[in-house]
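Work through the exercises below with the sequence and the 3D view open. Each task is followed by a solution in steps.

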Amino acid sequence: MAQDKKSQVKEFTYSWEGKDKTGKTLKGEMRAGGDALVRANLRRQGINVTKIKKRSSGGGKSISEKDITFFTRQLAVMMRSGVPLLQAFDIVAKGHSNPSVTRLLLDIKNDVETGASLNQAFRKHPLYFDQLFCNLVQAGEQAGILDTLLERLATYKEKILQIKGKIKSALFYPIAIIVAAAIIITVIMIFVIPAFKELFSGFGAALPYPTQVVIDISDAFTNYWWAIFGALGGIIYTFIQLKKRSRPFQIALDRLALKLPVFGEVIRKATIARWTRTMSTMFAAGVPLVEALDSVGGASGNIIYQDATKRIQMEVSTGTSLTVAMQNSEVFPSMVLQMVAIGEESGALDSMLGKIADFFEQEVDEAVDALTSLMEPMIMMTLGPIIGGIIIAMYLPIFKLGAAVGG
């Protein structure tokens with residue numbers, strides 16, 4: 001209980017200045033629960049503090065996965081070049097353009113300075129460093145090959161980021177077009193059609209059925225826009241909350257995602273690519289198979305594969321081969337199973353898993369390119385008739401009036 005209370009003490013970042021035993025002026029930053037703790041900590045290091053200032057926690061953008069990937073690559077390069085760990089952290093932190101990243105890295109550096117191992121310092125920030133990241137760093141520290149594992153980790157994160165970027169770029173265009181079309185239709189319904197309605201009221205004749213339907217829809221938009229947008233916001237909010245908190249909803253959503261026409265196959269390939277890439281990285285780092293599977297499921301990004309990984313882990317822990325356990329899970333294609341079997345038999349499982357990941361990453365690239373080319377005509381074929389139909393419906397009375405006058 002006392003330990004829980006201690007862990008809840010809020011910490012702040014302090015900038016300090018002082019002099020060491022030789023009189024040399026030193027400057028730095030430290031994370032602590034108060035300035036008294038900073039003074040005590042520095043005093044133990046033989047530093048006579050002359051100035052302490054609490055640094056504002058505001059400012060800076062949020063820390064993205066791209067920031068963490070870039071930091072991992074920088075740290076790997078510096079350590080491979082022989083730069084000491086603490087100095088490498090200092091260089092990367094102070095050279096970063098995002099103050100939030102700078103604060104995070106200086107916090108980790110301070111933890112390492114006060115005696116924590118690097119993986120322990122990372123584990124204090126689970127929002128940015130997941131279990132896989134921390135486990136690989138720990139394996140590198142224990143084996144004395146931290147620089148090598150940081151390079152593998154950086155490559156892994158770059159590959160995963162590349163896959164996610166491909167999928168996001170493929171979805172961005174259709175989503176942008178749909179949002180723009182929704183805005184245009186809303187403006188037409190609320191502002192343009194009421195003007196036509198006022199014009200048509202002086203005709204003194206019944207309006208064509210399509211025109212009347214569009215006007216009725218416009219009236220509903222104009223009178224109940226607050227309810228429509230409120231309901232839409234409520235649906236989006238409920239969806240987000242269910243996705244975060246309801247496991248059955250997550251399972252149903254991820255299962256549906258894998259069954260979607262066209263998109264489902266891309267999602268499945270991307271999931272398999274992440275699964276095999278993670279497994280290859282963990283296994284190459286010397287992490288035992290059963291322990292490696294702890295991180296693999298979560299890294300796949302799909303709860304169906306996460307649950308399947310747990311079943312695979314249970315079977316492997318009782319002596320079943322990885323190939324048989326994966327086959328029993330019924331979520332991997334036969335090509336993957338055959339290549340894993342060859343990897344197990346030849347003793348080159350990490351290499352074979354890496355080749356599977358390379359293959360599926362290439363498949364995702366090609367599928368996304370094809371999907372991007374296919375989406376544009378599909379969107380136009382869907383939105384064109386809707387917007388065109390509205391315009392034609394509003395001009396039908398004018399055409400009818402012109403025909404009557406001409407007759």
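A polar contact is a pair of N or O atoms within 3.5 Å; within protein, one must be able to donate a hydrogen and the other to accept it, and residues adjacent in sequence count only if both atoms are side-chain atoms. This is a predicted model, in which local features need pLDDT of at least 70 and side-chain atom pairs count only at pLDDT 80 or more, while totals for chains, interfaces and linings use all residues. Residues are numbered from 1 along each chain as its sequence is written, and side-chain values use heavy atoms, with hydrogens and water left out.

**Exercise 1. Place Thr69 and find what its side chain reaches.**

Step 1. Thr69 sits in helix α3; helices here are DSSP runs of H or I with at least four residues, numbered from the N terminus.
Step 2. Thr69 counts as buried because its relative accessibility is 4%, where buried means under 20% relative accessible area, exposed over 50% and partly exposed in between (1.4 Å probe, protein chains only).
Step 3. The Thr69 side chain comes to 2.9 Å from the backbone oxygen of Glu65.
Step 4. An α-helix has 3.6 residues a turn, so residues three or four places apart point the same way.

**Exercise 2. Decide whether Glu330 is buried or exposed, and describe its phi.**

Step 1. Locate Glu330 in the loop between α14 (322–329) and α15 (334–346).
Step 2. Its relative accessible area is 71%, so Glu330 is exposed.
Step 3. Phi of Glu330 is near 60 degrees, which is positive although the residue is not glycine.
Step 4. Most residues other than glycine have a negative phi.

**Exercise 3. Describe α8 by its span and its kink.**

Step 1. With 55 residues, α8 reaches 77 Å from first C-alpha to last, close to the expected 81 Å; the expected span is 1.5 Å times one less than the number of residues.
Step 2. A kink of about 40 degrees is centred on Met189 in α8, the bend being the angle between axes fitted to the seven residues ending there and the seven starting there.

**Exercise 4. Find how far apart Ser295 and Ile392 are in sequence and in space.**

Step 1. Ser295 belongs to helix α12.
Step 2. Ser295 is buried, because its relative accessible area is 5%.
Step 3. Ser295 and Ile392 lie 97 residues apart in sequence, and their C-alpha atoms are 57 Å apart.

**Exercise 5. Do likewise for Asn302 and Val316.**

Step 1. Asn302 is in the loop between α12 and α13 (303–317).
Step 2. A relative accessibility of 3% is why Asn302 counts as buried.
Step 3. From Asn302 to Val316, 14 residues along the chain, the C-alpha separation is 21 Å.

Technical notes. Helix = DSSP H or I, 4+ residues; strand = E, 2+ residues; numbered from the N terminus.
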